[in-house]
Structures are given as structure tokens and as C-alpha cells.
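The following exercises are to be worked with the sequence and the coordinates at hand. Each task is followed by a stepwise solution.

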Amino acid sequence: MGGPNARVIKQEYEVVAIPRALLLGTSEELFDFIAQRLISFIKLEGPEFQRGHNWNGHQIRELGLTISFPICQTSHNTGILIKWTEGFKIADGVGKDVVAMLQSAMDRQKGFQIRVAVLINDTVGTMAGGHYWNDDVMVGVILGTNTNACYVECNLPEDIQTKSGKMVNIPFYTLPVIYMEWGRFWSSHLPRTYIDEQLDNESVNPGDRGFEKMTGAMYLGEIVRRVLARMAQEANLFGDSVPTKLKQPFILLSNGPSCQSGGLCTASATQ
């Protein structure tokens, strides 16, 4: 889950547009919506996919969660939310375990036993998926609703000293993955225009995630809308008046699947 879309995946995937009201609602409302759409997706599966796994004597299906919000991950299925990003401004949830919040929402859906078994950041998951097929893959990059990157840090000593004083080699699979959060990059050297500054000042998180606001699909359509609106006002681009819809913030969407919810659309920019 990241940005205003959530992907529900088996062998194929369905892209679900999250209603904009939920971006400003509560964490329970958001995760209940995700859980309900997951259940709707699961109901479409054929009988060959309906068999779950035995867990503590029960047949339970397992669910993996990828998420792009900053989290403090303490285990393979525990992650404490540090901050809402991607245009979300939810009143609660920070400091809570995202896996537990989704699990509670899944438990509220009667008739299905589903366990959230693993949590992974979407950028790290992208790199891990690539490395599964090609051992040379060392970098993961997300260019979609949001933008981010991670890489395997190989610039380390070939061996380390243990507490007992013994020198041991560092196996490749223990090398750290550096999660960059480069969407937050902010510099006076970025080629920002008055539109970028205007959009940032009016956003839910002014002064934050500057690079992402210039490149992420969540914002590109709004940048185009603002340019067109100014051209319509100053150069009569659409005649003597500015079209009513062009005055509505985020009516021009560039994150593809959300266009299904009724806005005007530019070309898809999802990954």
C-alpha cells in the first residue's frame, strides 16, 4: 500500500483506488477498507487457490504486506509506523504496528481466517524480487505514485571481529540494505518552479518530500492542472473563461488507476 492506490496481488493483481476521504480519516477506516477489498478479491479466486495453511490447528491463509510509509521494522512481521506520507494525513496510527492494524481489520471480516505473515517495504521488495531472478541486482527504485530507492551496501570490510575476538567473513546475505527515502530530498539546487513552490505550500506536509512532489505521479497531474489554469487565466487558453473542473485541485490525475474514480486523466505514470 502506498499513495492513493493499493495493489491486491495473486498471480494477477487488481489496483484499488483509495477514496480521498480516507487519506484524511482514521487508521481503522483505512485498514477496514483495505481488508474489505482484499476479501472481495479473494472471493474471485478459483477453488485451487482456496486451500490455506495449517496454523495452530486451523486452516489459515497467509497474507504479505508491502508498505511505503516510513516504519521501524523490528521483525519480519512487525513494523511501527513513524509517519504518514504519500498525501495521507490520518489523525492516528503513528507509533502503532501496521501489521497489527491490518490484522485487526482482517479479523473484523467474518468468515475468513487470514494471517498477515510478513511485512516488507515496497522498494526493498522490488530489489529483492529482482535479485531473485538476477544475482547482480543491487538496487531497487520506485517511480510511481511515490519515488524511492534502496541499495545493498557492499563497501564493508571483508571480515569482522566477533565478541570473542575471532575474525569471520561477512556472507553476502547479511549485507545491509540501505533504504534511502530519497523522496524527502530537498535542496536549493533542485530546479523548482513557482508551481512546485505553490503546490508544496498548499500540501498537507509543506516543506517535506520535495523531490517526490516534483516527480511522483501523485502530484504530476496537479502540476499540469495548475499550469493549464494559469494559461487559461492569462492567455485565454480555453476561451474567455476558465473551465470549472480545471479549478478543482487534483481533478487531473496522473496515477493511472485512480483515474477510474471519475477525475480527468493524463497518461498513466504508475510502475
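**Exercise 1. Determine how strand β8 pairs with strand β9, and which residues of β8 are covered.**

Solution. Step 1: β8 (residues 139–143) and β9 (residues 147–152) run antiparallel and share five bridges; two strands count as paired if DSSP finds at least two bridges between them. Strands are DSSP runs of E with at least two residues, helices are runs of H or I with at least four residues, and both are numbered from the N terminus. The model is a predicted one, in which local features need pLDDT of at least 70 and side-chain atom pairs count only at pLDDT 80 or more, while totals for chains, interfaces and linings use all residues. Residues are numbered from 1 along each chain as its sequence is written, and side-chain values use heavy atoms, leaving out hydrogens and water.

Step 2: The connection from β8 to β9 is a hairpin of three residues. Within the pair, A149 of β9 lies opposite V141.

Step 3: G140 and I142 form the covered face of β8, whereas V139, V141 and L143 form the uncovered one.

**Exercise 2. Identify the buried residues of helix α4 and state where they pack.**

Solution. Step 1: In α4 (residues 194–201), I195, D196, L199 and D200 are buried, that is, under 20% relative accessible area with a 1.4 Å probe and protein chains only.

Step 2: These residues lie on the same side of α4 because they cover an arc of only 130° around the axis, the arc being that of the directions from the helix axis to the C-beta atoms.

Step 3: The buried residues of α4 pack against α5 (210–215) and α6 (217–235).

**Exercise 3. Characterise the largest nonpolar core and its contributors.**

Solution. Step 1: A nonpolar core is a set of buried Ala, Val, Leu, Ile, Met, Phe, Trp, Tyr and Cys residues joined through side-chain atoms within 4.5 Å. The largest one has 35 residues, and I18, W84, F88, V98, L102 and M106 have the most contacts inside it.

Step 2: At least two residues of this core come from each of α1 (27–42), β4 (58–67), α2 (98–107), β7 (114–121), α4 and α6. The largest share, eight residues, is that of α1.

Step 3: Domain 1 (1–120) and domain 3 (185–270) each supply at least three residues of this core; the bounds come from an automatic or database domain assignment.

Step 4: Beyond residues up to four places away in sequence, L102 touches F31, I34, L63, L65 and V116, a contact being heavy atoms within 4.5 Å.

Conventions
Buried < 20%, exposed > 50% of the residue type's maximum accessible area, 1.4 Å probe, protein only.
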